[in-house]
Amino acid sequence: SLAIARELAADDASHGARRALFLSLSNLATIDYRRGRLEDALAMHEESLAIRRERAEELGSDDARHDLENGLECVADIEHELGRFEAASHKYEECLTIERELAERLGTSAHRWSVAQLLRSIADIERNSGRRGAALRRLEEAIGIARGLGAERGSPASRRELAASLRALGTLQEERNELDRARATYSEALELARDSRGESEDSTA
């Protein structure tokens, strides 16, 4: 329980005990979120984030920094949903900085996917804030990453990710009255979605 995790962290200031505490906080935040209690979920995630940040600053390890990124994204996602776009954007940008560095240094597909997903989240805020040119640049980069990973992995999951970025681009093109481009983009997203749906029955990749 959270009470036990707090007691352990108070008695034992080790990194393991503090990690158990921030994970417990995040688990409870997930329950609050699923029950529609967004402010309560946000408070839990913010407390978890403070512990994650302190631990990342002390350790400086890839795992600790990835834990920090996860905590930042959890808070940003709820802020985004609550319409607190500026606060969410700052956290997404910090996430993006962490994930770019990890992706460039480690080269793992998971970190590259995270970069693409974060670019899409930031683009959504920029689009809603009227900064459509900036949003377009973010989405073009996200699509480039997704295409590269799709070519490497060729899995239904990679096609679904590419389709999600294409749908976001299509929405932006539609808002810019670029209807022919939007239709072509939506058509590609639809084809990818159909392909991934059919293959998912035979593949878990």
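**Exercise 1. Glu 126**

Task: In this predicted model, find the helix that holds Glu 126, decide whether Glu 126 is buried or exposed, and list its contacts beyond its neighbours within four places in sequence.

Solution:
1. Glu 126 is located in helix H6.
2. The relative accessible area of Glu 126 is 5%. The cut-off for buried is under 20%, so Glu 126 counts as buried.
3. With neighbours within four places in sequence set aside, the contacts of Glu 126 are Arg 131, Arg 132, Ala 134, Ala 135 and Arg 138.

**Exercise 2. Val 115 and Ala 123**

Task: For Val 115 and Ala 123, give the helix, the burial and the contacts that are not within four places in sequence.

Solution:
1. Val 115 lies in helix H6, and so does Ala 123.
2. Val 115 has a relative accessible area of 4% and is buried. Ala 123, at 2% relative accessibility, is also buried.
3. Leaving out residues up to four places away in sequence, Val 115 touches Leu 96, Glu 99, Arg 100, Ala 103 and Ile 145.
4. One of these, Arg 100, is 15 residues from Val 115 in sequence, and the C-alpha atoms of the two are 6.3 Å apart.
5. By the same count, Ala 123 touches Ala 135, Arg 138 and Leu 139.
6. Ala 123 can also be compared with Ala 142: the two are 19 residues apart in sequence and 9.6 Å apart from C-alpha to C-alpha.

**Exercise 3. The largest pocket**

Task: State the volume of the largest pocket, name the residues that line it, and say which helix supplies the largest share of the lining.

Solution:
1. The volume of the largest pocket is about 160 Å³.
2. Its lining consists of Gln 117, Arg 120, Ser 121, Ala 123, Asp 124, Arg 127, Leu 139, Ala 168, Thr 171 and Leu 172.
3. Sorted by class, the lining holds 4 nonpolar, 3 polar and 3 charged residues.
4. Two helices, H6 (109-128) and H8 (156-175), each contribute at least two lining residues.
5. H6 gives the largest share, with 6 residues.
6. Ala 123 from the previous exercise is among the lining residues, and Ala 123 is buried at 2% relative accessibility.

**Exercise 4. Salt bridges**

Task: For the salt bridges Asp 32 to Arg 37, Glu 39 to Arg 84 and Asp 62 to Arg 105, give the distance between the N and O atoms and the exposure of each partner, and say which parts the pairs with Glu 39 and Asp 62 tie together.

Solution:
1. Side chains of opposite charge can pair when their charged atoms come close.
2. In the pair of Asp 32 and Arg 37, the closest N and O atoms are 3.5 Å apart. Asp 32 is buried at 9% relative accessibility, whereas Arg 37 is partly exposed at 40%.
3. In the pair of Glu 39 and Arg 84, the closest N and O atoms are 2.4 Å apart. Glu 39 belongs to helix H3 (residues 38-59) and Arg 84 to the loop between helix H4 (62-81) and helix H5 (85-106), so this salt bridge ties together parts 45 residues apart in sequence.
4. Glu 39 is partly exposed at 41% relative accessible area, and Arg 84 is partly exposed at 35%.
5. Asp 62 and Arg 105 meet in a salt bridge with an N to O distance of 2.4 Å. Asp 62 is in helix H4 and Arg 105 in helix H5, so the pair ties together parts 43 residues apart in sequence.
6. Asp 62 is partly exposed at 27% relative accessibility, and Arg 105 is partly exposed at 45% relative accessible area.
7. Asp 62 and Arg 105 also belong to a network of salt bridges that includes Arg 65 and Glu 101.
8. The structure holds 23 salt bridges.

**Exercise 5. The whole protein**

Task: Describe the protein by its helices and strands, its buried share, its contacts and its accessible surface.

Solution:
1. The protein has 9 helices and 0 strands. Along the sequence the pattern is α-α-α-α-α-α-α-α-α.
2. Of the 205 residues, 42% are buried.
3. Of the contacts between residues at least 6 apart in sequence, 55% join residues at least 24 apart.
4. The accessible surface is about 10,900 Å², and carbon and sulfur atoms account for 47% of that surface.

Technical notes. Residues numbered from 1 in each chain as written. Predicted model: local features only at pLDDT ≥ 70, side-chain atom pairs only at ≥ 80, totals over all residues. Heavy atoms only, no water. Buried < 20%, exposed > 50% of the residue type's maximum accessible area, 1.4 Å probe, protein only. Contact = heavy atoms within 4.5 Å. Areas by Shrake-Rupley, 256 points an atom, 1.4 Å probe, with all protein chains shown as cover. 1 Å grid on protein atoms, 1.4 Å probe; cavity = no way out; pocket = protein on both sides within 12 Å on 5 of 7 lines; lining within 4 Å. Points joined across faces, edges and corners; volume = space filled by probe spheres on them. Nonpolar A, V, L, I, M, F, W, Y, C, P; charged D, E, K, R; others polar. Salt bridge = Lys/Arg side-chain N within 4 Å of Asp/Glu carboxyl O.
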